[in-house]
Every structure is written in C-alpha cells, then in structure tokens.
Amino acid sequence: MKKILPFITAFLLCSVAVFAQNREVTGTVTDAESGSPLPGANITVKGTSIGTASDVDGKYKLTVPVNASTLVVSSIGYTTQEITLGVSNVVDVKLATSANELEEVVISVGRGAQRTIIDNPVPVDNFTSKELATTGQFTFDKALQYRVPSFNTVNTPVNDASTLLDPYEIRNLGPSRTLILINGKRKNLSSLLYVQFAPGRGETGADLSGIPTDAIKRVEILRDGASAQYGSDAIAGVMNVILKDKFEYSSLNVISGVTSKGDGGTYGLSFNSGTNFAKNGFINYTIGFNQTDNAVRSGTIDPLVEIATFGSYSGPNSESDPANANIINFLKINPTGGNINGTGATTAAKFSYNLGIPVGENMQFYSNAAFVAKKVLSNANYRTPYWRTDFGLLHITDPNGVNYTGDNTLNSAGVEIYKGYMGYMPTFEGDLKDYNATLGVKNESKGWSTDASITIGGNEQLYSVNNTINRGLGAKSPTSFKPGGFSFNHVVGNIDVSKTVTSQINVAFGGEARSETYQIIAGDTASYTKEGSNSFPGIRAENARTNSRFNIGAYLNVTYDITENFLIEGAVRAEKYSDFGSATVWKLSSRLKLLEDKIVLRGSISTGFRAPTLHQIYAQSTQASFAGGTIVLSGLFNNISKEAFALGIPRLTPEKSDNITLGLGITPTSNLSLTLDYYNITISDRIVYSSSITTDDRKLAVPTTELGRILKGSSVGVGNFDLQSVQFFINGIKTQTQGLDVVASYKNLELGTGKLGINVAGNFTLSNEIVGSPNTPKIIASAGASILNAQIRSLLTEGRPQYKVIGGLDYSIGNWNIVVNNTMFGPTKFQDLDNGFAYSDFSITPVTPSKASSNVMNDIKQVFSSAIVTDLNVGYAFSKNISASFTVNNLFNVLPTWKLEAQNADGQVVLSDATSKRLLEGFLAFAGRYKILGYNGSQFSQLGTTFMGQLTFKF
C-alpha cells in the first residue's frame with residue numbers, strides 16, 4: 001500500500017484545477033413518443049469531454065463553459081440530437097427512437113474529442129448487453145464468438161490448464177495482440193501461458209470468461225491498431241468493456257441449460273442492482289454464480305491405430321495377432337479406452353461494481369472493481385494397462401468402476417488383463433482468482449478535462465492432479481500432487497488531459513506508468529522429482545522464480561476538423577521499459593463525409609509495438625516422459641538462461657507493426673447502412689514459441705554438433721538424464737495479415753404489426769502468411785533443425801477460420817422478440833507432425849524417393865470443412881417486471897467435420913492407400929479418442945445442439 005499511495009497522491013494533485021465561472025444548464029430528457037423520462041441519457045458539450053447523464057427521472061444538470069454553444073444528447077436506441085444553447089438555462093430534450101441504435105452513441109474508445117460510430121475515422125463495433133444475452137452463450141467470450149466476425153475462440157480438445165480460460169483472438173493475431181480495457185483502463189493479463197498445439201500457442205491474454213455479462217452496459221471493439229494511443233498489445237485492436245453505471249432497476253437472472261445429449265448442464269444465478277445518490281452519483285453492482293458440468297465427447301478407438309501406437313503392428317492384419325490380444329480384449333469392453341474428454345466442469349463466483357461520486361460541480365471520483373474465483377475439473381487421457389504399466393499403483397478404479405487393490409486375474413467383465421490391473425485416469429483441478437480495481441478522479445475546469453487514475457489487477461492459478469502416480473517413486477508415490485502454478489499482477493497509473501482549443505481543434509495528452517510482476521510457483525517435490533506426476537508434471541523448484549519490470553509512457557493526440565465534413569487526427573506515443581529499452585510509435589487517420597453524411601470515407605496508417613510478456617521472457621520448464629525403455633526429457637529454456645545464450649538466442653525485443661486501414665460507410669436511408677473496411681497488418685520480429693528442437697547426435701558419448709553438446713550438458717536436466725529436445729521464445733518471424741470487415745444492417749422493416757431487423761457482418765481473411773524465412777540461430781540451423789516446423793506454421797497461418805459471416809434476423813411483435821442467427825465458419829487447416837511415421841513404415845514408395853524416411857504428414861493436412869451454425873432465441877415479456885427467453889444453439893446439431901487433404905503427389909500416394917489413410921486419421925485423433933476435433937481444435941464447438949433458458953425479474 002505504501003508503494004501505491006505516492007501514485008494516488010501525485011495523480012490527485014495533477015487533477016485539481018481552479019474552478020472558473022461557468023454556466024449551469026438543467027433540463028429533462030424524455031421519449032418523444034411516450035413522454036416517459038429517459039434515465040442514463042448522455043448530455044455532453046459538443047467538441048469536449050464535458051458531460052453528464054440524466055438521472056432516474058430523466059433530469060440532468062451540467063456546468064458548461066460560458067462560450068459553449070451546443071449540447072449533444074444521446075441514448076442507446078435513440079437518435080442523437082444537437083441542441084443549440086440559447087439564453088435560457090433550462091433545456092428540455094425529446095429523443096426520437098433511432099433506426100441505427102448504437103451507431104449514434106458517443107463512443108469511449110480512442111483519445112481526443114468524443115464521437116459517434118459513424119463520425120469516427122476508424123471502425124468500431126458496439127454491442128449492448130442485450131445483444132450479447134440473445135446469443136444464449138454462458139460466458140462473455142463465447143457470446144463474442146457469435147456476435148463479432150473477427151473474434152474467434154473455442155474450447156480446446158485437450159483441457160488441463162486451458163479449462164480455466166480458452167485462447168481468443170481478433171483478426172487471427174493471437175490473444176496477446178488485442179488490448180482489453182475495463183471502463184477505458186487496462187485489464188490485467190492471465191498468468192497462464194498457452195502451450196497446447198492449438199491456436200494461441202505460446203501466448204497469453206486477459207480472462208474474458210471471468211467478466212460477468214450482466215455487469216456490462218456495452219462493449220466497444222476498435223478494429224484498428226491503437227498502440228500510439230494505448231501502448232503495447234493494441235496491434236489488432238482494442239476491446240473496451242463499459243460497465244453499467246446509472247441505476248435504472250434491479251434484476252435477477254436465473255439461467256439453466258443442457259446439451260442435446262443430456263450432459264454439460266449449466267446453472268447460473270446473477271443479481272444486478274445499485275442506487276443513485278446526490279447529484280449524478282451512482283453505484284451499480286453485480287453478483288453472479290454459475291456452474292457448468294462436463295460434456296463428454298469421447299470417440300471410439302480404432303483398434304488397428306491403437307495397436308500401431310501401443311502394440312505390435314505388422315500391417316492390416318495386426319488385430320488378429322495374438323501379441324495384441326491384450327489391446328483387443330480391453331477395447332471390447334472399453335471401446336472409448338476409458339477416456340472422458342470434451343469440456344471440463346467449471347464452478348465460478350463473480351462480483352463487480354461501478355461507482356461514481358460527484359465532488360462539487362465539475363469533479364467526479366470514480367471507482368470500479370471485479371473479482372472472480374473459478375474452480376475447474378477435467379480429465380487426462382485414460383492410462384490403459386498396455387500404455388502405462390504402473391502395477392504398483394493401488395486403489396485405482398477401472399472404467400467400469402471396479403477398484404483393484406491386488407493381483408486379481410480378471411477384470412470386471414471377466415477378461416484377463418495384466419493380472420487385474422485396468423489402468424487409471426488422472427484428473428486435473430485448477431483454482432483461479434482474478435481481480436481488477438480502479439480508483440480515479442475526473443475534473444472539468446476552464447475547458448480542460450483531466451482524468452487521473454490508478455488501476456491494480458492480478459491473476460493467480462494453482463493446480464492439482466489426482467488419481468495418478470510418479471512412476472519414478474515406485475510404491476512410495478502418492479496419488480495426489482500439487483504441481484504448482486502461476487501468478488501475474490500489475491499496477492497502472494494514468495493521467496489523461498484534453499481540451500478543445502478551438503471549435504476545430506482538440507488536443508489530448510497523457511502518461512502512464514505501469515509495473516508488472518510474474519511469478520512461477522513450484523510444485524510439491526513429489527510432483528516433479530524423477531518422472532514427475534504422470535499427465536501433468538510439477539514445476540521444478542529451480543524453475544520457480546519471481547520477475548518484475550516497470551515502464552513509463554506518454555502520448556499526444558491532436559484532432560483537427562478542417563471542415564464540418566473533413567477530419568484528420570494524429571497521435572504519437574513513446575514508452576520506455578526497464579528490461580528492453582524504448583519504443584516510439586505514431587498514427588494518422590482521417591474521415592471525409594459526403595452527400596449529407598450518406599457516404600463516409602475513412603482510413604488510417606500507423607505503427608505499433610507489442611512488448612514481450614514476462615511469461616515469454618521468464619517461463620522455463622522441464623518435463624520427463626518414458627519412451628524407448630528409458631526416461632527422456634524435453635525443456636523450455638527461458639530467454640535469459642545460459643542455454644539460450646549458448647544456442648545463440650538473442651534477448652527478446654518488442655514486436656513492431658505497420659497497420660493500414662481503409663474504409664467506406666454508406667447510409668442511404670435512416671434504416672439502411674453498410675460499412676466495408678480493409679486492413680493490412682505487418683508484424684516484424686514477431687515472437688514465436690519454437691517447435692521442438694532436437695538432434696540425434698545428443699545420444700552419443702561425445703555429440704558431434706554444438707546443439708547436441710548443449711542438450712547433453714544442459715543444467716536443466718534431471719538427475720542423470722539429458723534433454724531430448726528444447727523449445728524457446730524468439731523474435732523469429734515476419735507476418736502479414738490482410739482482410740476485409742463487412743457490416744450491413746437494415747432495420748425497422750414493417751412486417752405485420754411487428755418490426756424486423758436484418759444484420760449481416762463478416763470477416764474475410766485475404767492472406768495470413770509468414771514473410772521470408774524464420775530467424776533460426778546458426779547453431780540450430782547447422783544441426784539441420786528449424787525454429788518453425790510445418791506444424792507451427794500451420795497453427796499461425798491457418799488455425800482460425802478463413803472467413804466468418806454472421807447473418808441475423810431480429811423480429812419484435814407485441815411482447816415477443818425472436819432472434820435467428822446463422823454463423824458461417826470458414827475452413828481451418830492443421831498440419832500435425834507428431835505421428836512419428838515415415839513412408840517406409842507403411843511400405844509405401846513416395847514419388848520423391850528421398851522422402852522415404854521423412855514424416856508422411858509433411859505432405860498432408862487436416863482440413864476442417866466450412867459449416868453454418870444456426871441459433872434461435874425466443875423472448876417473451878410477461879409484464880414489465882418479468883420476462884423469459886429460450887435459446888437453442890446449433891439448432892440443426894452441426895458438428896465440425898474434417899478430412900485429410902494431400903498437398904502434393906507424395907501425399908496423394910499415402911491417401912490412396914486405405915490402410916495408410918486409416919492410420920493417419922487415427923493418429924490425428926489419438927486412435928479415435930478425439931474423433932470430432934482431432935488434437936488441434938476446430939472453428940466451433942463440438943458439443944452440438946444446446947438449450948438455454950433464462951428467467952428475468954426486474955424490480
């Protein structure tokens with residue numbers, strides 16, 4: 001607290017200004033049609049950030065500069081009005097309902113003078129909490145998946161730590177390149193570093209799933225690079241989550257749902273309330289509890305592939321080989337191999353509040369905070385007896401529930417298998433705590449707007465694994481372990497100042513100071529000694545560490561309305577980090593309105609940067625596994641280790657980006673609108689989590705390559721065991737991503753006695769490619785290895801949908817509201833290299849003879865087909881206080897489907913052989929355990945049809 005107090009004192013002092021003689025304007029905002037008061041309407045002085053909101057009775061009071069001439073009044077669902085100030089200090093406003101709804105709302109994201117969406121020089125999406133709720137999705141991140149075309153997230157096939165939160169991204173650029181704000185302030189990152197072979201690998205992001213949807217007023221997504229305004233992480237864009245503020249009514253939401261298979265039950269209870277006090281004071285808070293049961297989508301195992309993986313494979317007839325009888329007999333009674341995979345079970349409690357306290361006429365103290373606690377449970381792959389022969393493990397149950405404690409010769413079905421040992425299934429449990437809080441003060445004086453604040457935030461994850469063993473400890477092994485975890489927190493101080501210098505020029509400037517701390521928490525000794533706990537080895541004590549850094553930054557933003565229709569805006573920002581140095585970026589943007597605002601041309605060009613996260617700099621791990629009759633190790637060298645230095649891996653530096661955006665907006669009528677935005681994002685020195693680097697000569701007593709000698713002599717080895725392979729983070733590649741965002745809307749169509757709205761939005765990736773060759777260090781290249789194999793290339797460039805289009809119909813009639821959304825997911829592709837089979841293993845002669853010993857998956861990709869998912873939401877208001885809705889997601893039970901696709905003649909040779917194709921399809925799905933998704937994931941959920949009901953009480 002002592003460290004924080006100087007921040008608070010400094011920023012509060014900076015925000016205090018001398019009060020000037022101003023004019024006080026009062027009035028009431030009402031609905032033009034019904035005459036009822038409109039609470040929460042925004043009233044601002046045009047061209048400034050001076051403003052207020054109407055209270056529960058629609059009344060407002062605003063102190064304005066004596067030279068102010070125009071008020072801008074807006075409210076969600078109503079047409080914005082500009083009111084010319086006359087002699088009278090009483091200004092009543094009647095707002096008419098708007099066909100364009102959110103397009104007329106003054107947006108918060110960005111710097112400088114506040115503007116509406118259609119008036120902005122860069123593209124911004126805007127969604128209300130109601131629009132998010134009609135998706136029928138249980139968490140905020142999944143609701144965005146079905147509302148924002150450029151936003152993608154999906155449950156990963158292999159769970160463990162990613163059960164706590166799934167990776168997400170905008171414009172296929174990874175979670176770490178989208179900045180998340182809460183009420184305009186930076187949200188803390190998660191402590192989790194994604195390591196699964198799925199999109200988002202090697203990165204981290206904020207925990208969007210922990211933000212309670214019922215606390216949200218609206219969400220703004222700036223689809224443009226904004227590093228010059230906000231600093232690191234804003235390469236793909238900025239998401240600003242705006243919390244509910246002025247209290248209108250209390251609400252209680254009761255939610256329940258289930259999948260069409262009867263599993264994956266969801267249960268939720270959320271209460272939102274608050275109060276208004278003093279003059280423009282408010283508090284709004286939300287409390288929520290929810291639980292999601294696991295949904296099982298285990299596939300049936302293909303015996304031939306299982307034999308090729310664990311048994312004695314000799315060709316298509318291997319199933320009849322007596323040597324494989326143990327596998328065949330086990331699968332007869334356990335066709336899924338005992339696996340329970342799909343989605344894990346989650347229990348969460350969430351709390352948030354938003355507070356505003358007026359201090360005098362021109363100052364406001366504000367605060368918001370949130371806390372979420374989550375507990376998840378998922379299952380590792382079932383350790384079949386022919387996979388893991390851990391005979392010493394006692395009190396482990398088989399898939400049929402029989403507990404084995406000795407050398408029984410029969411299993412629960414009467415089949416002899418390994419003297420009664422039936423294998424076991426480890427479980428993974430994760431505990432997450434995430435918090436953020438902001439304190440600040442806003443002040444208006446002599447036309448200057450000042451906002452000073454301090455924000456704290458953190459994320460901690462601790463893990464447990466049960467029902468497993470550390471085989472290296474033999475009979476002394478426990479069956480429950482604490483493998484450690486991770487923690488991340490930051491403290492951020494901000495001061496932002498703006499002023500409308502003239503009626504045409506607005507100037508904004510400010511600064512930020514931020515400290516970050518990342519902690520790696522060691523597991524208990526039994527979890528990492530020798531082989532470590534099977535399925536999820538613990539974090540070794542020597543890899544545990546705490547690291548921090550500090551950075552300061554400042555920006556300047558100038559907006560110039562050359563004419564009423566022509567705008568230019570420029571921004572520049574400089575930052576200095578304690579660990580890698582400085583970065584300076586800039587941005588220019590412009591907007592031209594034509595034909596009485598019916599056509600808008602807009603564009604921007606900017607540079608950006610992303611600082612390497614502390615996770616990427618300091619994460620280090622070693623993992624032991626049993627292979628080829630011995631223990632082998634793989635490791636992640638952190639960026640400052642002596643091994644990284646020996647390999648020639650340079651210290652991480654910031655990524656650099658060049659962004660270009662060009663847009664067109666057409667509004668021929670008040671009901672019809674269309675926007676089209678092109679983007680081009682080039683990232684240099686992009687940080688990647690390398691592929692697994694190894695060399696065969698490491699096995700020699702005296703390795704012949706430098707890479708082999710480093711692996712053999714590494715200090716991160718365990719006991720007498722050497723490293724088999726290594727991975728690391730490196731500024732390794734340059735990428736270019738191009739695409740189109742399209743949004744079309746036609747609203748207020750008369751249909752019977754009701755009104756119909758039609759919305760179509762799409763994101764189309766024109767190209768997403770790696771430019772040039774990876775930056776492979778010389779020592780690695782000389783050993784014939786590369787930092788970026790075909791699998792990692794595929795994840796980076798093809799792992800998200802090539803396009804996504806959302807088409808929706810929204811029909812309101814009487815007390816009924818019906819929403820139908822169709823989401824078209826484009827194809828995704830993966831190239832998996834971990835099957836370990838060469839052409840010679842299949843007795844297949846490749847077209848290129850030199851490939852006989854190479855991996856067959858170099859020439860074949862797993863391709864997920866395009867699909868359309870239909871969602872239906874039906875809502876009914878029983879009264880003004882009670883309403884209900886029922887949602888069917890994935891109405892037609894569409895599941896992800898994939899096939900193998902040859903990339904050349906050699907790949908076609910493999911797929912033309914029925915047995916080879918069967919084996920490869922099995923390898924990609926772990927012999928069929930992950931039949932729907934494979935091991936890498938897909939464009940959308942594997943759960944099929946789900947049902948969700950919600951009952952809302954207002955009071």
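Is Phe878 buried or exposed? With a relative accessible area of 52%, Phe878 is exposed, and you will meet this residue again in Figure 2. Please keep in mind that every view here comes from a predicted model.

**Figure 1. Phe271 and Tyr285 form a tilted aromatic pair.** Welcome to one of the 26 aromatic pairs that the structure holds. The ring centres of Phe271 and Tyr285 are 6.3 Å apart, and their planes make an angle of 55°. The two partners come from distant parts of the chain: Phe271 belongs to strand E16 (residues 266–277), Tyr285 belongs to strand E17 (residues 281–292), and 14 residues separate them. Phe271 is partly exposed because its relative accessibility is 25%, and a cut-off of under 20% is needed to count as buried. Tyr285, at 26%, is partly exposed as well.

**Figure 2. Tyr876 and Phe878 meet edge-to-face.** Here the ring centres lie 5.0 Å from each other, with 80° between the planes. That angle earns the name edge-to-face because it is over 60 degrees. Look at how the two rings are covered: Tyr876 is partly exposed at 25% relative accessible area, while Phe878 is exposed at 52%.

**Figure 3. Six aromatic residues are linked into a cluster by ring pairs.** Try to find each member in turn: Phe310, Phe330, Tyr382, Tyr386, Trp387 and Phe926. Phe926 has another partner to look for, as the charged end of Arg929 sits over its ring, 4.0 Å from the centre. A similar theme appears elsewhere in the model, where Lys442 lies over the face of Tyr366, at 5.3 Å from the ring centre.

**Figure 4. Strand E26 pairs with strand E25 and with strand E27.** How many residues of strand E26 are buried? The count is 17 of its 21 residues, so this strand (residues 480–500) is mostly covered. Strand E25 (residues 448–466) runs antiparallel to E26, and 18 bridges join the two. To find your place between them, look for Ser453, which stands opposite Asn494 in E26. Strand E27 (residues 505–521) also pairs with E26 in the antiparallel sense, over 16 bridges. In this pairing Lys499 stands opposite Val507 in E27. Follow the chain from E26 to E27 and you will pass through a hairpin of four residues. A handy thing to remember while you look: in a regular strand the side chains alternate between the two faces of the sheet.

**Figure 5. Four strands make an open sheet with antiparallel pairing.** Reading across the sheet, the order is E3-E2-E5-E6. Which strands are at the edges? They are strand E3 (51–53) and strand E6 (81–84), each of which pairs on one side only. From one strand to the next, the twist averages 20°. Strand E5 (residues 70–74) pairs with E6 over four bridges, in the antiparallel sense. A good landmark is Val73, which stands opposite Gln81 in E6.

**Figure 6. Helix H5 has buried residues and a capped N-terminal end.** Helix H5 covers residues 303–310, and its buried residues include Leu304, Val305 and Ile307. Glu306 and Ala308 are buried too. What covers the buried residues of H5? The cover includes helix H6 (325–333) and helix H14 (914–924). At the N-terminal end of H5, Asp302 acts as the cap: one of its side-chain oxygens lies 3.0 Å from the backbone nitrogen of Leu304.

**Figure 7. A polar atom of the Asn240 side chain lies 2.9 Å from the backbone nitrogen of Gly184.** Asn240 is in strand E14 (residues 237–243). With a relative accessible area of 2%, Asn240 is buried.

**Figure 8. Ser786 lies in the loop between two helices.** Those helices are H11 (778–782) and H12 (790–798). Ser786 is partly exposed, at 30% relative accessible area. Leaving aside residues up to four places away in sequence, Ser786 touches Ser691, Ile693, Thr776 and Ile780. Ser786 and Thr776 are 10 residues apart in sequence, and their C-alpha atoms are 6.0 Å apart in space. Finally, the side chain of Ser786 reaches the backbone nitrogen of Leu788 at 3.2 Å.

Methods:
Residues numbered from 1 in each chain as written. Predicted model: local features only at pLDDT ≥ 70, side-chain atom pairs only at ≥ 80, totals over all residues. Heavy atoms only, no water. Phe/Tyr/Trp six-rings, centres within 6.5 Å; stacked < 30°, edge-to-face > 60°. Buried < 20%, exposed > 50% of the residue type's maximum accessible area, 1.4 Å probe, protein only. Lys NZ or Arg CZ within 6 Å of the ring centre and 35° of its normal. Pairing = 2+ DSSP bridges. Axes fitted to C-alpha atoms, helices over the stretch in contact; angles between N-to-C directions. Contact = heavy atoms within 4.5 Å. Polar contact = N/O pair within 3.5 Å; in protein donor to acceptor, adjacent residues only side chain to side chain.
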